Amino acid sequence: MKLKTRLPRQLDLASGQFIAADLHEHTTTAGMLAGLFEDQTAWAALPADTPIYTVAILPAPQQEGELLAGVTHLHPGRIGREFYMTRGHLHQRREQAEYYVGLRGHGLLLLRQAGEGVLEHVFPGSVHHIPPFTAHRLINTGSGTLSALAVWSAIAGHDYQALQPQGFGVRVMADGDGWRAEVQDA
């Protein structure tokens, strides 16, 4: 047997940044989120190229048994009274679960399954299990960037369309110095 040593990829826990040469990064801007926010006038007034969140993913083979790891960096801000949030999704392979780990900032993870919703606080060190068949979205209720590490099956896929037009049925709005959830459906 031949034996070699190598340095693994790294994650700076303080900043939430991967230290790796082979990252895939994608930034979602305000213009890419048409119809997501309740106040369409406030959304239209925001420059379309305003970054809302960036996802950095470590590549892995897209095959059964492989895992992907990514970090979402969700900027602070609001459109109207509504906090910045990720688009949110279900997995194409609905039976696939996922984990999130809060790295920095403060916010919420909105989970929706079979007509029931749950909001979990996200903060440095928080650990979140996203069960199979569950839609999920991050919401930044803090004043700094909210970063969360995600680990999921490489075959899970993302289905953004399944939530249209009903969405998550919950909006998180600014309320004084805090937030409040507004349920949109029964």
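**Exercise 1. Find the partner of Arg81 and place both residues.**

Arg81 forms a salt bridge with Glu182; the closest N and O atoms are 3.2 Å apart. The rule: a side-chain nitrogen of Lys or Arg lies within 4 Å of a carboxyl oxygen of Asp or Glu. This is a predicted model, where local features need pLDDT of at least 70, side-chain atom pairs count only at pLDDT 80 or more, and totals for chains, interfaces and linings use all residues. Residues are numbered from 1 along each chain as its sequence is written, and side-chain values use heavy atoms, with hydrogens and water left out.

Next, place the pair. Arg81 sits in the loop between strand E6 (78-79) and strand E7 (82-83), and Glu182 in strand E15 (residues 178-183), so the bridge ties together parts 101 residues apart in sequence. Strands are DSSP runs of at least two residues, numbered from the N terminus.

**Exercise 2. Is Glu182 buried or exposed?**

Apply the cut-offs: buried is under 20% relative accessible area, exposed over 50%, partly exposed in between (1.4 Å probe, protein chains only). Glu182 has 16% relative accessibility, so Glu182 counts as buried. Arg81, at 37%, counts as partly exposed.

**Exercise 3. Which residues are linked in a network of salt bridges with Glu182?**

Start with a second bridge: Glu182 also pairs with Arg180, closest N and O atoms 2.7 Å apart. Arg180 is partly exposed at 33% relative accessibility. The network links Arg81, Asp175, Arg180 and Glu182.

**Exercise 4. Where do Arg9 and Asp22 lie?**

Their side chains meet in a salt bridge (2.6 Å, N to O). Arg9 lies in the segment before strand E1 (10-12), and Asp22 in the loop between strand E2 (17-19) and strand E3 (24-29).

Technical notes. Helices (H or I, at least four residues) and strands (E, at least two) are DSSP runs, numbered from the N terminus.
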